[in-house]
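Got your viewer open? Let's walk through a few helices, one selection at a time.

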Amino acid sequence: MTVAENIRPHRGDTSGCVPIAEHGLIGDLRTAALVDTGGTIDWYCPARFDAPSVFASILDTDRGGAFRLTPEVPARTKQFYFPDTNILITRFFADDGVAEVQDFMPIVDDSREADRHRLIRRVLCVRGSLPFTARVAPRFDYARQSHTVHTAEGLTVFASPELWLALTSSVTTEIDGPDAVSSFKLVEGEAAVFALDRIGGAVQPRSCPLAEAEQLFDATVRYWRRWLSQSRYRGRWREMVHRSALTLKLLTYAPTGAIVAAPTTSLPEQLGGERNWDYRYVWIRDAAFCIYALLRLGFTQEAEAFVRFLSEDICLKSGPGGPLQIMYGIDGRSDIPEEILSHLRGHLGSSPVRVGNAAVDQLQLDIYGALVDSLYLYDKWGRPLASDHWDTVCELVGWVCDNWDRPDMSVWETRAGPGRFLYSRLMCWVAIERAMRIARHRGLPADMPRWSRARDDIYRRIMRSGWSPRRRAFVQREGEEVLDASVLMMPLAKFISPTDPKWLSTLDALGEELVADSLVYRYDPTVSPDGLRGEEGTFSICSFWYVEALSRAGRVDEARLAFEKMLTYANHVGLYAEEIGRTGEQIGNFPQAFTHLSLISAAFNLDRALG
């Protein structure tokens, strides 16, 4: 599979909203930007992932703001990543020439420059000649704040009450109302550079000449290739696994080691529907699974940084919701109020647009298993847990022993009220079982009799109350007969043998009811109402879980076919959103860490099964 191939006519009408899949991602380990296949940056939050946007035309083409850089003539486009990097190239093929835009954000080690957050757009004409138009149209604070524009020392400065941006370019730029515009023509061998900097405080405006842009390009290439060279993966799907690893790294907030679930907000799970959420935060579950995937590849520094984030930036609390929240801000803050931005239309009219996330206050017991499992793997493959970390593990496991039987909202954080979900019980079992493994391996102090009793009670409860004799399957909740793809984690978490007759029967039932040509729905909302209107697509993490469950069950040929089919649903540069819609389109926030980490795990296990 060649992920770089995506040649399509370039639409001259840039007022239309570009589909989610028609994007690549760039970033600097502090924030990220989406660049569409027509050369427009239509999502960008300066400084940090969860900051207010300045470009958000992906959510509202009229009001959101964008940075357009496109030929003035009709052109076909092809977008791809510079090999083994997160530098994105959009190439334009016109009748009179070929040119490309190289988009990247330098990774700066110098602490004096780390707050600059420079976004560089480098245009090169490689054949013939091509005229270009650039329009830089920031709309500050999710398009809620006005701004002024002025020129100073060859720079164009956009100033809002809370944020200043400085644009420097190697071609003439003019002010056009609240925007900056430029028209220029390049001939073969010529280049132009645009650089957008966040300025203020110690970060002063600075130009970006052609030579410096080339140096920063080369330094950014070296950074990403040096990082990726640590990978231990040598399997069959190296290109896709490494693209997923590079994507997970882009979702890392370097100052704290936090990992966001996705860099976007409110990209819909159903076009025109209300299932639109803000994912620019640290879900304990998602981040813990990310650490598992990165550790498998050999990236231990990311695991160390995340463990440091847990110990230094998150405060455990005592209360009815437990010592952990399900999510935190990238700086460890616990307050993430949800707000609706009613002035934005939403992607393709999908409203509401939300910032913040009200699910922060939900009880989701499964997060304890995800977290302790990641710490177990870090202790095994990274570095031994420090004594303070072990004290925290003991506190968390003690709480799980006392609270595992409580009804909760579980992994899919539905808004239909709490229940007794099998997945939550399963991951409580994982939390206790993995802590016991660490204690035995390291000889650490632990209340083994208490932990053992709770672990065994959970096991018996799942086997007794989570099994439906009529469905011949493990089910979503106790006392019901609804199927749920989250039970695919049962053999993956080593709770049940992947060839146990009860599990094989469950796998068949899931395949019949929730699987459509290798794509897996997480549940059927018509029989398991989740408190929201409308439908959703297949959930890509579940599709990769299904691959892994098949391979562990010995159905390797089926697993490989399902995996190869899933690879065809990636976009042109190998990225996945959260879900796949009925006609194969990417839906949900993009790119989604959940999907990419499960791709890595499925590839690893399928490689091993194939021998």
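A crossing counts as left-handed if the near helix is turned anticlockwise from the far one by less than a right angle, and as right-handed if clockwise. Helices here are DSSP runs (H or I, at least four residues), numbered from the N terminus. This is a predicted model, where local features need pLDDT of at least 70 and side-chain atom pairs count only at pLDDT 80 or more. Residues are numbered from 1 along each chain, and side-chain values use heavy atoms.

Start by selecting H5 (residues 300-312) along with H6: their axes (lines fitted to C-alpha atoms over the stretch in contact) come within 11 Å and cross at roughly 130°. H5 and H6 are therefore oblique to each other (neither under 35 degrees, over 145, nor 65 to 115). H5 passes H6 in a left-handed crossing. For the contact (heavy atoms within 4.5 Å), show Phe306 and Leu310 in H5, and Leu375 and Trp381 in H6, which are among the residues that meet.

Next, keep H6 (366-381) and add H8 (422-442). The H6 and H8 axes come within 7 Å and cross at roughly 25°, so these two helices are roughly parallel. Their crossing is left-handed. Residues meeting here include Asp373 and Tyr376 in H6, with Arg434 and Ile438 in H8.

Last stop: H7, residues 387-403. Which of its residues are buried (under 20% relative accessible area, 1.4 Å probe, protein chains only)? Among them are Trp390, Leu396, Trp399 and Cys401. Show H6, H8 and H9 (448-465) too, since what covers the buried residues of H7 includes those helices.

Note on methods: The expected span of a helix is 1.5 Å times one less than its number of residues. Buried means under 20% relative accessible area, exposed over 50%, partly exposed in between (1.4 Å probe, protein chains only). Axes are lines fitted to C-alpha atoms, for helices over the stretch in contact, and angles run from 0 to 180 degrees between N-to-C directions.
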